[in-house]
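Trainee: I would like a close look at a single part of this model. Please pick the salt bridges and walk me through where the partners sit.

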Amino acid sequence: MFDVLYAMFGGIFLLGRYAYDKIKTDCARADYNTLKNRRELLTYKYAAGTDLCNQIKEYIFCGEHFEDICNSLSDDLKYVFGSEWKNKLDIPNGYRINYSALYPSMHEYWIYHLLLAKRGKFDVWITHFGFELGYNLDEAKTNVKFAECIEGRLLNAGVEDVKLALECELLCAPDNYRLPTHLCGGKIKIQSICIYPTHRLWEDYKKIS
């Protein structure tokens, strides 16, 4: 008698466990498909083509227009660095760029993305990898400000459905998630295609800047 009951309850347990695992797997697959569809839609609508990316890189790295480029982005650079922004750019040889675009400085990297954002576009690379935060707190705060400017440029250019947020990737303790003073991992990505918990930093960041 007990063997029958044991077998019956064991079967119910195994059946329940199978159903739970299947639902979990189906949900994960649905989430992945949703993520994939969102990424493809954003890529189709707003990702810059190879020609535009190369054109902007060439425009930056030929070294002939860089001062004009920086002046055209002066509002963004003032927001990030303050009125002395020209003294804070890590650009070798003043405004002259004489080396390969394969090895840009961090600020040239942000300027490239800002120029794309002014056109309502982003490099498709960021839909997969996002923007690096930086290796220390000051660098992370600077990059958050650049990302805020990029989002603003995209919105001004008429881009919809693109909000940037910090994806923590389980690298922070939960109580630090919303504190820009404790940025401790993750990358800034497009919020709608993130997998891990995300937090918008703009308003929080402004309170401590």
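Mentor: What follows is a tour of the charged pairs, then of the sheet that holds one of them. Keep in mind that this is a predicted model.

The structure holds six salt bridges. Side chains of opposite charge can pair when their charged atoms come close. Take three of the pairs in turn.

Start inside one helix. Lysine 36 pairs with glutamate 40, and their closest N and O atoms are 2.8 Å apart. Both residues belong to helix H1, which covers residues 2-46. They are four residues apart, about one turn of the helix. How accessible are the two? Lysine 36 has a relative accessible area of 36%, so it is partly exposed. Glutamate 40, at 42%, is partly exposed as well.

Next comes a pair that links separate elements. Arginine 200 forms a salt bridge with glutamate 151, with 2.5 Å between the closest N and O atoms. Arginine 200 lies in the loop between E4 and helix H8 (202-208), while glutamate 151 lies in helix H7 (residues 137-156), so this pair ties together parts that are 49 residues apart in sequence. Their surroundings can be read from the accessible areas. Arginine 200 has 27% relative accessibility and counts as partly exposed. Glutamate 151 has a relative accessible area of 5%; that is under the 20% cut-off, so glutamate 151 is buried.

The third pair sits in strands. Glutamate 167 forms a salt bridge with lysine 189, and the closest N and O atoms are 2.8 Å apart. Glutamate 167 is in strand E2 and lysine 189 is in strand E3 (residues 187-190), so the pair ties together parts that are 22 residues apart in sequence. Buried or exposed? Both glutamate 167 and lysine 189 are buried.

Now place that third pair in its sheet. Strands of a sheet pair through backbone hydrogen bonds, either parallel or antiparallel. Here the sheet is open, has four strands in the order E1-E3-E2-E4, and pairs them antiparallel. Strand E1 (131-132) and strand E4 (198-199) are at the edges, each with a single partner strand, so one side of each has no neighbour in the sheet. E2 (residues 164-167) is joined to E4 by two bridges, and the two strands run antiparallel.

Which residue stands opposite glutamate 167 in E4? Threonine 198 does. Glutamate 167 therefore has two links to follow on screen: a salt bridge to lysine 189 and, in the sheet, a place opposite threonine 198 in E4.

Terms used. Residues are numbered from 1 along each chain as its sequence is written. This is a predicted model: local features need pLDDT of at least 70, side-chain atom pairs count only at pLDDT 80 or more; totals for chains, interfaces and linings use all residues. Side-chain values use heavy atoms; hydrogens and water are left out. A salt bridge is a side-chain nitrogen of Lys or Arg within 4 Å of a carboxyl oxygen of Asp or Glu. Buried means under 20% relative accessible area, exposed over 50%, partly exposed in between (1.4 Å probe, protein chains only).
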